[in-house]
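Q: I have not seen this structure before. Could you take me through it, beginning with the sheet?
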Amino acid sequence: MQKNQWILDEVAYARQQGMQVDIDGVPCTEKPVEEISKVLERGCYMLDYEGDVQGKLVALHIDLVEPCYKASYPSSRSTK
């Protein structure tokens with residue numbers, strides 16, 4: 001199973017519901033799932049649903065949070 005399969009499932013659901021879907025502000029409502037999967041492998045993303053004034057979900061925003069690789073420098077949170 002793919003690492004980001006749950007995100008792809010959310011994208012599929014949002015599309016079924018007629019919601020706008022974008023990644024880093026770029027609309028991807030019609031992009032094939034394979035392209036979205038490749039984009040998601042580049043870093044760590046968060047999902048954010050947007051609702052209208054009546055509370056109906058109208059959009060799914062997927063935004064880059066940070067790279068998914070470890071930093072090459074020591075962390076201040078490392079344990080000794």
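A: Certainly. This is a predicted model. In it, strand 1 and strand 4 (residues 57-66) run parallel and are joined by 4 bridges.

Q: Which residue in strand 4 is the bridge partner of Val21?
A: The partner of Val21 is Leu60 in strand 4.

Q: And what is the strand order in the sheet?
A: The sheet is open, has 4 strands with mixed pairing, and follows the order 2-1-4-3. Strand 2 (26-27) and strand 3 (44-51) each have a single partner strand because they stand at the edges, so one side of each has no neighbour in the sheet.

Q: Where does helix 1 lie?
A: Helix 1 (residues 5-16) lies across strand 1, strand 3 and strand 4. Relative to strand 4, helix 1 runs at about 155°.

Q: What pattern does the protein follow along the sequence?
A: The pattern is α-β-β-α-β-β, made up of 2 helices and 4 strands.

Q: Changing topic, which element has the lowest mean pLDDT?
A: That is helix 2 (residues 33-40), with a mean of 83, whereas strand 1 (residues 20-23) has the highest, 92. For the protein, the mean pLDDT is 82, and 80% of the residues reach 70 or more. Where pLDDT is low, the predicted coordinates should not be read in detail.

Q: How many residues does the protein have, and what percentage count as buried?
A: The protein has 80 residues, and 25% of them count as buried. Its accessible surface is about 6,100 Å², with 52% belonging to carbon and sulfur atoms.

Methods
Residues numbered from 1 in each chain as written. Predicted model: local features only at pLDDT ≥ 70, side-chain atom pairs only at ≥ 80, totals over all residues. Heavy atoms only, no water. pLDDT = per-residue confidence, 0-100. Pairing = 2+ DSSP bridges. Contact = heavy atoms within 4.5 Å. Axes fitted to C-alpha atoms, helices over the stretch in contact; angles between N-to-C directions. Buried < 20%, exposed > 50% of the residue type's maximum accessible area, 1.4 Å probe, protein only. Areas by Shrake-Rupley, 256 points an atom, 1.4 Å probe, with all protein chains shown as cover.
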